[in-house]
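Biologist: I'd like to know how the descriptive words for a model get chosen. Can you put it up and walk me through the reasoning?

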Amino acid sequence: EEGGVTVLRPTDLSEMLAAGTKEVHEKAENTQFVKDFLRGRIRKELFKLGHVALYFTYSALEEEIERNKDHPQFAPLYFPNELHRRAALARDLEYFYGHDWQSQTVCSPATRRYVERIHQLGQEEPVLLVAHAYTRYMGDLSGGQVLRKVAQRAMKLPSTGEGLHFYQFDGVHNAKAFKQLYRSRMNELELDVKTKEKVVEEANRAFHFNMEVFGELEEVGKTLQEDVMDATPLHG
Ligand code: VER
């Protein structure tokens, strides 16, 4: 910050990430699953499976973040009270599946590939966890708030917020201000240009993992639809 004004430089990690994921962000927004969701065309069964995928993803991400919370290339981005989603997702899953939700949920193949990458990085290349934290948490603090309203309306979830804790960041009172803080913390990491480029590349990978999960949900959605159609007599 200079004279109270944040000066942006093209070599700032936050700028490189925003510019370097613009294209893949558009691609993600244009997947069928996301387009259907935004139109309020979301069935509760699929929404629940989406939450299950998120639960496994954030469990892995936050486990690796905890492991690396003192690592100099991650520590400035350690905001467990503000950001961490695992507990919120567990509450949502308990609401959707009941107290024995853990025995009713499994990690899907696409989610497993995403989770394995996160664990690998947490143990072998923790600086690249920055890319995964950025892709999820910054996205949740942005478009996530639109999705919350859409979901609540489409599935007629209670206005008390049950089933929607994932979208509710109790520790963040001003999302815009928090995102600015997070960006400045990313920019203060001591990384050379080569490493920053690797972070951007990994963020693109993170978006792709998310799109793979969307694709999988879309496929499950088709079989759900087919089940409904099979059960519907064509004549009579
Ligand atoms: Fe995005 N997003 N997004 N988003 N997003 C914004 C910023 C942002 C939006 C809206 C917005 C994803 O999908 C959506 C991400 C990550 C992701 C706005 C700002 C909508 C409407 C959708 C559709 C569902 C997805 C799927 C992801 C990643 C998984 C990030 C990382 C950011 C921060 C960009 C930055 O650097 O400021 C209005």
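What follows is a chat about the fold, two helix pairs and the ligand shell.

Biologist: First, what secondary structure does the protein have?

Modeller: Keep in mind that this is a predicted model. The protein comes to twelve helices and zero strands. Along the sequence the pattern reads α-α-α-α-α-α-α-α-α-α-α-α.

Biologist: Why is the protein called as compact as a globular protein of that length?

Modeller: Its radius of gyration is 19 Å, and the globule rule gives 18 Å for 236 residues. Those values are close, so the protein counts as being as compact as a globular protein of that length. As for its extent, the C-alpha trace spans about 75 × 35 × 30 Å along the principal axes.

Biologist: On to the helix pairs. What makes α4 roughly parallel to α8?

Modeller: Helix α4 and helix α8 (residues 109–124) pack at an angle of about 5°, with their axes 9 Å apart. Angles under 35 degrees count as roughly parallel, so α4 is roughly parallel to α8.

Biologist: Which residues in α4 and α8 meet?

Modeller: From α4 they include Phe56, Leu61 and Arg67, and from α8 they include Tyr114, Ile118 and His119. By class, the contact of α4 with α8 has eight nonpolar, four polar and two charged residues.

Biologist: And why is α4 called oblique to α9?

Modeller: Helix α4 (residues 44–67) and α9 pack at an angle of about 135°, with their axes 11 Å apart. Roughly perpendicular covers 65 to 115 degrees and roughly antiparallel needs over 145. An angle of about 135° fits neither class, so α4 is oblique to α9. The crossing of α4 past α9 is left-handed.

Biologist: Which residues make the contact of α4 with α9?

Modeller: Leu61, Glu64 and Ile65 do so from α4, and Leu129, His132, Ala133 and Arg136 from α9. They divide into four nonpolar, one polar and two charged.

Biologist: Now the ligand. How many residues surround the ligand, and which are the closest?

Modeller: The ligand is surrounded by 17 residues, the closest being Ala18, Met138, Gly139, Ser142 and Gly143. Among the elements that give two or more residues to the shell are α1 (13–20), α10 (144–154) and α12 (193–230).

Biologist: Which element gives the most to the shell?

Modeller: That's α9, with four residues.

Biologist: What makes up the shell by class?

Modeller: Around the ligand there are ten nonpolar, six polar and one charged residues. If you're tallying by eye, remember that Gly counts as polar here.

Conventions. Residues are numbered from 1 along each chain as its sequence is written. This is a predicted model: local features need pLDDT of at least 70, side-chain atom pairs count only at pLDDT 80 or more; totals for chains, interfaces and linings use all residues. A residue is near a molecule or strand if its C-beta atom, placed from the backbone, lies within 6 Å of it. Axes are lines fitted to C-alpha atoms, for helices over the stretch in contact, and angles run from 0 to 180 degrees between N-to-C directions. A crossing is left-handed if the near helix is turned anticlockwise from the far one by less than a right angle, and right-handed if clockwise. Two residues are in contact if their C-beta atoms, placed from the backbone, lie within 7 Å. The radius of gyration is taken over C-alpha atoms; the globule rule is 2.2 Å times the number of residues to the power 0.38.
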